[in-house]
Amino acid sequence: MFKVDRRRMLKNLMLTAAAGASGGQLKPGKALGQQQSGRFKLALEDYQPRSMLHVPERRVLRARFPAIDFHTHLSWSTRRGSKNEVHNNATPAEVLPVMDRKNVRLMVNLTGGYSDVLQETIRYWQSPHPDRFIVFTEPWYEKIREPRYPQFQADQIAWAQKIGAKGLKILKTLGLYLREQITTGPLVKIDDPRFDLMWEAAGSLGMPVGIHISDPEAFFLPTDRFNERYEELSAHPDWSFHGKDFPSDRELQEARNRVIARHPRTQFVALHVGNSENLPYVSQLLDRYPNMHVEIGARIGELGRQPRQSAKFFDKYQDRIMFGTDAVPRGTDTPQQIFGDELYEIYYRFLETEDEYFDYAPAPKPPQGRWRIYGLGLSEKILRKVYSENAERLLKL
Ligand SMILES: [Zn+2]
């Protein structure tokens with residue numbers, strides 16, 4: 001009897017305490033969900049636990065060394081009818097003060113598009129501030145059905161360089177969206193020979209290829225209770241590549257590997273660490289392909305929850321890892337990418353401090369999965385390479 005009463009008493013205390021902790025805004029019955037069969041049910045989306053750890057918190061306001069952000073999306077383009085349009089996510093006047101405050105010396109705007117869009121993007125960002133912004137070009141996929149596409153695409157890369165583009169960007173469009181009739185038909189393979197001249201052109205012109213292939217492994221699995229990115233996939237159901245005619249993550253990775261192997265003179269930067277959940281696999285690839293590099297944008301949530309393995313990875317491949325954030329000005333849809341002071345401070349904290357258990361994104365709830373991260377406390381030598389020296393070398397600055 002005593003036990004039962006005591007339990008009820010404790011439960012009441014817990015309810016009162018929980019209501020108090022939430023500042024009284026949340027009614028116990030509602031926020032804590034319904035009491036069912038003696039247990040509290042709380043909707044996962046309402047759960048926002050706050051860490052009770054007493055651990056050091058360092059705010060790193062500026063990168064220890066001037067940084068090159070190798071992965072940003074300052075602009076993008078859309079196609080309307082037969083015309084492409086540029087969308088700038090911000091103005092240089094908005095972005096430059098943040099860069100100055102955060103010690104970011106240069107940003108690489110990967111999504112520069114092609115043709116007249118590329119020209120406009122370079123004119124807007126790079127030409128007025130050549131030491132602060134550089135722009136990459138992208139393939140002209142709509143032309144893929146034309147018989148002379150391989151040479152046309154290679155010529156476009158040469159033209160892009162002539163007007164100022166510094167590299168080539170491949171979105172995950174290749175492998176997951178681009179189809180034979182652009183939006184219909186079978187998916188075009190990443191190692192389709194029609195792109196061979198394009199990869200070769202980038203290599204012979206000394207333009208690095210920033211390549212995003214596949215996506216987190218969980219995006220290829222059912223969106224169910226076992227999926228570690230359940231909330232992220234629920235918020236963005238179109239990010240799921242489970243089922244339909246999508247290849248597996250591994251098939252996509254291997255097609256990309258064949259491209260890297262086939263074009264040894266071309267420097268490939270596997271964006272998002274290639275596949276950050278599986279560092280042993282990425283390590284094998286880096287050992288196998290001397291022309292492969294990686295960049296860490298939007299993956300500190302992965303690297304930071306395996307800090308010991310990540311620290312070894314940074315140590316071993318310190319000459320081939322590049323700092324990048326995947327920053328999108330006004331990218332409120334993806335909190336882990338919102339360009340601004342807070343985003344950079346989190347990256348710097350991860351790379352420079354040994355702080356424990358902190359948020360990987362400026363958001364009230366971890367947007368990519370329910371975990372927190374640990375800082376790597378990298379040495380000054382490694383920080384210098386990751387922040388800028390490796391990118392300088394690839395970009396020939
Ligand atoms: Zn990106």
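Lys and Arg are counted here as positive and Asp and Glu as negative, with His and the chain ends left out. On this basis the chain carries 57 positive and 50 negative charges, and their mean positions lie 3 Å apart. The model is predicted.

The chain holds 14 helices and 14 strands. Its C-alpha trace spans about 85 × 50 × 40 Å along the principal axes. The radius of gyration is 23 Å. A compact globule of 397 residues would have a value near 21 Å, so the chain agrees with that expectation. Contacts reach across the sequence. Of those between residues at least 6 apart, 73% join residues at least 24 apart.

Burial and surface composition were also computed. Of the 397 residues, 52% count as buried. The accessible surface of the chain comes to about 19,200 Å². Carbon and sulfur atoms contribute 53% of that area.

A zinc ion is bound by protein donors from His-71, His-73 and Asp-326. The two histidines each donate through NE2, and the aspartate through OD. These donors lie 2.1 to 2.2 Å from the zinc ion. Their spacing in sequence follows the pattern H-x1-H-x252-D. One residue thus separates the two histidines, while 252 residues stand between His-73 and Asp-326. Both His-71 and His-73 are buried. Water is not among the atoms, so the zinc site may look incomplete.

Key. Residues are numbered from 1 along each chain as its sequence is written. This is a predicted model: local features need pLDDT of at least 70, side-chain atom pairs count only at pLDDT 80 or more; totals for chains, interfaces and linings use all residues. Side-chain values use heavy atoms; hydrogens and water are left out. Helices (H or I, at least four residues) and strands (E, at least two) are DSSP runs, numbered from the N terminus. The radius of gyration is taken over C-alpha atoms; the globule rule is 2.2 Å times the number of residues to the power 0.38. Buried means under 20% relative accessible area, exposed over 50%, partly exposed in between (1.4 Å probe, protein chains only). Contact means heavy atoms within 4.5 Å. Accessible areas come from the Shrake-Rupley method with a 1.4 Å probe; for residues, only the protein chains shown count as cover. The place of a charge is taken as NZ of Lys, CZ of Arg, CG of Asp or CD of Glu. Donors are N, O and S atoms within 2.8 Å of the metal (3.2 Å for Na, K and Ca); water is not among the atoms, so sites may look incomplete.
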